[in-house]
Amino acid sequence: MVLKEQKISKTVKRTILLNPGPSSTTETVKASLIQDDICHREEEFAKIVRDVCDDLVKVVHGKDDYTAVLFAGSGTINIDVAISSLVPDGKKALVINNGAYSQRAVDVCNFCRIPVVDLKFDILDLPDLAKVENALKENPDVAVVYVVHQETGTGLCNPLKEIGAIAHKYNAVLVSDTTSTYGIIPMNVYDDNIDFCMASSQKGLNAFTGVSFLIGKTSEIEKTKTYKARSYYTNLWRQYDYFKKNKQLHFTPPVQIIYSLQQAIKEHFAEGEQAKYKRFMDGFKAVREEMTKLGFQDILPVEKQTGLVVSIKYPKDPKFDFGKIHDFLYKNGVTIYPGKIADLDTFRVCNLGCLTAQDIRDAFKVLADALKECGVATPVKY
Ligand SMILES: *Cc1c(COP(=O)(O)O)cnc(C)c1O
């Protein structure tokens with residue numbers, strides 16, 4: 001008998017991550033990382049991958065006509081895959097550019113030498129839909145309209161459904177970067193006009209970094225069969241086609257991460273879409289109440305925000321030192337994150353993990369202590 005048992009147990013701290021991913025995970029998701037060593041080519045594991053892919057489609061209410069395609073990597077791999085695989089030669093992408101993540105899509109177009117209509121809007125404003133429509137009228141060779149659902153740098157929420165409808169009117173495919181909203185904000189690929197959406201294991205599903213996925217209309221993926229592949233590894237058709245034919249992934253996946261993703265999806269469905277969304281909105285309410293008590297101001301009006309990322313302005317107090325405040329919080333189990341806006345000093349409170357409103361209130365108590373420690377008077381001044 002060669003089989004021996006190994007007992008593994010370890011105590012870890014439950015930290016409160018308020019950074020834009022990776023997000024806080026449950027105890028059960030953490031424990032699900034520990035599995036028997038297994039080769040990913042075994043049918044036992046390949047079946048788990050297929051089940052995970054099916055469930056990822058169900059999270060956004062897709063049926064048989066949508067497919068999830070997995071890649072090993074952080075969320076940015078999806079942007080590479082989508083842009084390099086979905087725009088055929090001779091056609092263009094149109095990017096609705098109102099934040100750091102849509103700018104990343106423009107950068108990927110430039111890296112891939114794909115012509116791009118870079119439709120810039122103020123990062124604190126929703127896109128002007130008439131301008132989107134005009135740009136499509138003027139550029140009939142646009143194959144892909146690309147929009148970021150939540151600009152995670154600011155918390156701005158772009159209108160997917162409306163932009164999808166305009167894209168479809170001009171026969172373009174709607175690709176949405178839903179990395180920071182998928183699994184939290186209820187979405188329906190049919191009602192929201194989504195041809196492609198994308199996310200990663202470490203964001204709203206609250207698993208670990210390592211797997212990213214695109215969910216797309218199967219007929220649109222099939223159309224790309226004849227497109228020239230611009231990349232060997234990050235090509236959507238190649239990954240999709242291999243998986244379809246062989247019923248397993250082409251290249252070595254992060255095995256343990258996929259186990260934990262499966263567990264996280266189970267917990268997602270057990271909590272329920274509406275209950276989960278309500279938990280996050282309760283968290284948003286807690287962020288707003290607690291920051292207001294301390295005198296902090298955010299950069300966007302509530303109605304433009306998803307509620308998952310709050311971008312807070314640095315107060316006008318020479319004693320406010322983000323580095324020191326971050327370090328104080330970190331020592332006490334809370335992580336906050338710098339802003340991502342070039343000419344405005346901000347920090348972010350991102351509510352993306354398995355946290356409750358009480359966790360958020362606890363984190364703000366530590367923030368109040370940090371401000372006191374640094375000598376910043378509250379309520380803070382602007
Ligand atoms: C997190 C995120 C990504 C991916 O970032 P990685 O660091 O590569 O995981 C892409 N788009 C949005 C909107 C995000 O929030």
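# Surface patches, ring pairs and salt bridges

V2 is placed in the segment before β1 (16–17). The model described here is predicted, and the residue V2, with a relative accessible area of 76%, is exposed. V2 belongs to a nonpolar patch on the surface that also includes M1 and L3, and these residues together have about 460 Å² of accessible area. A second patch, this one negative, is formed on the surface by D36, D37, E42 and E44. Of its members, E44 is placed in helix α2, which spans residues 43–59, and a relative accessible area of 58% makes E44 exposed, because the cut-off for that class is over 50%.

## Aromatic pairs

A search of the whole structure finds 13 aromatic pairs. In one of them, the rings of F296 and F320 have centres that lie 6.4 Å apart and planes that meet at 70°, so the pair is edge-to-face. F296 sits in the loop between α10 (273–293) and β11 (309–313), whereas F320 sits in the loop between β11 and α11 (322–331), so this contact ties together parts that are 24 residues apart in sequence. Both F296 and F320 are buried.

How are the rings of Y314 and F322 arranged, stacked or edge-to-face? Their centres are 6.1 Å apart and their planes stand at 15°, so this pair is stacked, given that planes under 30 degrees apart count as such. The two partners fall into separate accessibility classes: Y314, at 24% relative accessibility, counts as partly exposed, while F322, at 12%, counts as buried, because the limit for that class is under 20%. Ring pairs link F296, Y314, F320, F322 and F347 into a cluster, and this cluster therefore includes the residues of the edge-to-face pair as well as those of the stacked pair.

## Salt bridges

Side chains of opposite charge can pair when their charged atoms come close. The structure holds 22 salt bridges, and the table gives some of them.

| Salt bridge | N to O distance |
|---|---|
| K92 and D141 | 3.4 Å |
| K120 and D118 | 3.1 Å |
| R279 and E271 | 2.7 Å |

The side chains of K92 and D141 meet in a salt bridge, and this pair links distant parts of the chain, with K92 in strand β3 (residues 92–97) and D141 in the loop between α5 (129–138) and β5 (142–148), 49 residues apart. D141 has a relative accessible area of 25% and is therefore partly exposed.

In the salt bridge between K120 and D118, it is the closest N and O atoms that are 3.1 Å apart. K120 counts as exposed at 57% relative accessibility, whereas D118, with a relative accessible area of 28%, is partly exposed.

Is the arginine R279 buried or exposed? At 18% relative accessibility, R279 counts as buried, although its side chain meets that of E271 in a salt bridge. The partner E271, at 30% relative accessibility, counts as partly exposed. Elsewhere, salt bridges that share partners join K285, E289, E290, K293 and R361 into one network.

## Backbone features

Most residues other than glycine have a negative phi, and most peptide bonds are trans. Against that background, the peptide bond that joins G21 and P22 is cis, with an omega of about 0°, and P22 lies in the loop between β1 and α1 (27–31). A cis peptide bond also joins T378 and P379, where omega is about -5°, and P379 is placed in the segment after α12 (357–374).

Which phi value does N171 adopt? N171, which is not a glycine, has a positive phi of about 60°, and this residue is placed in the loop between α6 (160–169) and β8 (173–177). With a relative accessible area of 72%, N171 is exposed. K247, likewise not a glycine, has a positive phi of about 60°; the residue K247 is found in the loop between α8 (236–246) and α9 (255–271). At 48% relative accessibility K247 counts as partly exposed, because exposed residues need over 50%.

Methods:
Residues numbered from 1 in each chain as written. Predicted model: local features only at pLDDT ≥ 70, side-chain atom pairs only at ≥ 80, totals over all residues. Heavy atoms only, no water. Patch = residues over 30% accessible without salt bridge, like charges linked within 9 Å, V, L, I, M, F, W, Y side chains within 5 Å. Areas by Shrake-Rupley, 256 points an atom, 1.4 Å probe, with all protein chains shown as cover. Salt bridge = Lys/Arg side-chain N within 4 Å of Asp/Glu carboxyl O. Lys, Arg positive; Asp, Glu negative; His and termini not counted. Charge placed at Lys NZ, Arg CZ, Asp CG, Glu CD. Helix = DSSP H or I, 4+ residues; strand = E, 2+ residues; numbered from the N terminus. Buried < 20%, exposed > 50% of the residue type's maximum accessible area, 1.4 Å probe, protein only. Phe/Tyr/Trp six-rings, centres within 6.5 Å; stacked < 30°, edge-to-face > 60°.
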